[in-house]
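I sat down with this one to look up how its strands, helices and rings fit together. Here are my notes, in the order I took them.

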Amino acid sequence: MEGILFETERLYFRALQKEDLEEIMEIWGDDEVMAWSGGAGTREQEERSLTFYRTMQKERGFSPYLVFLKGTEEAVGICGFNPPVESFDAELLYHFKKRHWGKGYATESVLGVTQYAKDILHLRSIISSADPKNKASQKVLEKAGYRYIGVKWYEDLSQEEPTYVWESDKTA
């Protein structure tokens, strides 16, 4: 498979490409997948997102990545980073196709992108949040070593959300 940036035991990760719009729509355009993340996007919104993230990848060296299952090379989700917010180097995001929920891909992906962020991108701190009702997403962040720092207001979602932080080892 071409363009792979890194991999985990079961998954490959690559930057988003122009041809990925249909895969993106299956994730970011899905009402159920995006129910706790501000709702599904329209095709036009996701075309803009794709352009934005492709530019971000070129300029910053990171963005959300399309996640593929090894063996079948099926796209199962998106996991990676939004631009820096506040004093953090990046904001973590992850969304997976519903048929792939409950298989550990989100935790494996978050662990993989966080390791990549530390070892290759040299990021020092990453913030993430989850809808207060989305206990599974909160569990993913905890399992991946993100530390709960409290509830924070998110203007774009018009709600408070449990917020988590990952910070690299100061001794590394």
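Entry 1, the edge of the sheet. I started with a single residue, G150, and asked which residue in β8 is its bridge partner. I found T163 there. Stepping back, I saw that β7 is joined to β8 (residues 159-167) by seven bridges, and that these two strands run antiparallel. A reminder to myself: this is a predicted model.

Entry 2, the whole sheet. Next I traced the strand order, which reads β1-β2-β3-β4-β5-β6-β8-β7. That makes an open sheet of eight strands with mixed pairing. Which strands stand at the edges, I wondered? They are β1 (4-7) and β7 (147-154); each has a single partner strand, so one side of each is left without a neighbour in the sheet. I also looked up the turn between neighbouring strands, which averages 30 degrees with direction ignored.

Entry 3, β4 and its partners. I then moved to β4 (75-82). I checked whether it is covered, and eight of its eight residues turn out to be buried. On one pairing, five bridges join β3 to β4, and the two run antiparallel. F68 has A75 in β4 as its bridge partner. On the other pairing, β4 and β5 are held by six bridges, again antiparallel. Here I noted N82, whose bridge partner in β5 is E91.

Entry 4, the loops beside β4. The connection from β3 to β4 is a hairpin with five residues between the strands. In its turn, G71 has a positive phi of about 95 degrees. I kept in mind that most residues other than glycine have a negative phi. So I looked for residues that depart from this habit. E73 does: it is not a glycine, yet its phi is positive at about 60 degrees. E73 is found in the loop between β3 and β4. Is E73 buried or exposed? Neither label fits, because its relative accessible area is 40%, which makes it partly exposed. A second case is E86, with a positive phi of about 50 degrees although it too is not a glycine. E86 lies in the loop between β4 and β5. Its relative accessibility is 59%, so I filed E86 as exposed.

Entry 5, the helices. I turned to what lies across the sheet. Helix α1 (residues 21-28) lies across β3 (64-69), β4 and β5 (90-96). Against β4, α1 runs at about 85 degrees. Then I looked up how α1 meets helix α2 (residues 43-60): their axes come within 10 Å and cross at roughly 115 degrees. The crossing is right-handed. From α1, the residues in contact are L21, E22, I24, M25 and W28. They meet R43, E46, E47, S49, L50 and Y53 of α2. I sorted this contact by character and got six nonpolar residues, one polar and four charged.

Entry 6, the rings. How many aromatic pairs does the structure hold? I have nine in my notes. I picked out F6 and Y65, whose ring centres are 5.5 Å apart. Their planes stand at 90 degrees, which is over the 60 degrees needed, so the pair is edge-to-face. This pair links distant parts of the chain, with F6 in strand β1 and Y65 in strand β3, 59 residues apart. I checked the burial of both rings: F6 is at 11% relative accessibility and counts as buried, and Y65 is buried at 0%.

Y65 also pairs with F81, with ring centres 6.5 Å apart. Their planes are at 90 degrees, so this pair is edge-to-face as well. Y65 in strand β3 and F81 in strand β4 are 16 residues apart along the chain. F81 has a relative accessible area of 0%, so I noted it as buried.

Entry 7, the cluster. Last, I asked which residues the ring pairs link into a cluster. They are F6, F13, F62, Y65, F81 and Y116. With F6 in strand β1, Y65 in strand β3 and F81 in strand β4, my ring notes lead straight back to the sheet of Entry 2.

Notes. Residues are numbered from 1 along each chain as its sequence is written. This is a predicted model: local features need pLDDT of at least 70, side-chain atom pairs count only at pLDDT 80 or more; totals for chains, interfaces and linings use all residues. Side-chain values use heavy atoms; hydrogens and water are left out. Two strands pair if DSSP finds at least two bridges between them. Helices (H or I, at least four residues) and strands (E, at least two) are DSSP runs, numbered from the N terminus. Axes are lines fitted to C-alpha atoms, for helices over the stretch in contact, and angles run from 0 to 180 degrees between N-to-C directions. Contact means heavy atoms within 4.5 Å. A crossing is left-handed if the near helix is turned anticlockwise from the far one by less than a right angle, and right-handed if clockwise. Ala, Val, Leu, Ile, Met, Phe, Trp, Tyr, Cys and Pro count as nonpolar, Asp, Glu, Lys and Arg as charged, and the others, Gly among them, as polar. Buried means under 20% relative accessible area, exposed over 50%, partly exposed in between (1.4 Å probe, protein chains only). Rings of Phe, Tyr and Trp (its six-membered ring) pair if their centres lie within 6.5 Å; planes under 30 degrees apart count as stacked, over 60 as edge-to-face and the rest as tilted.
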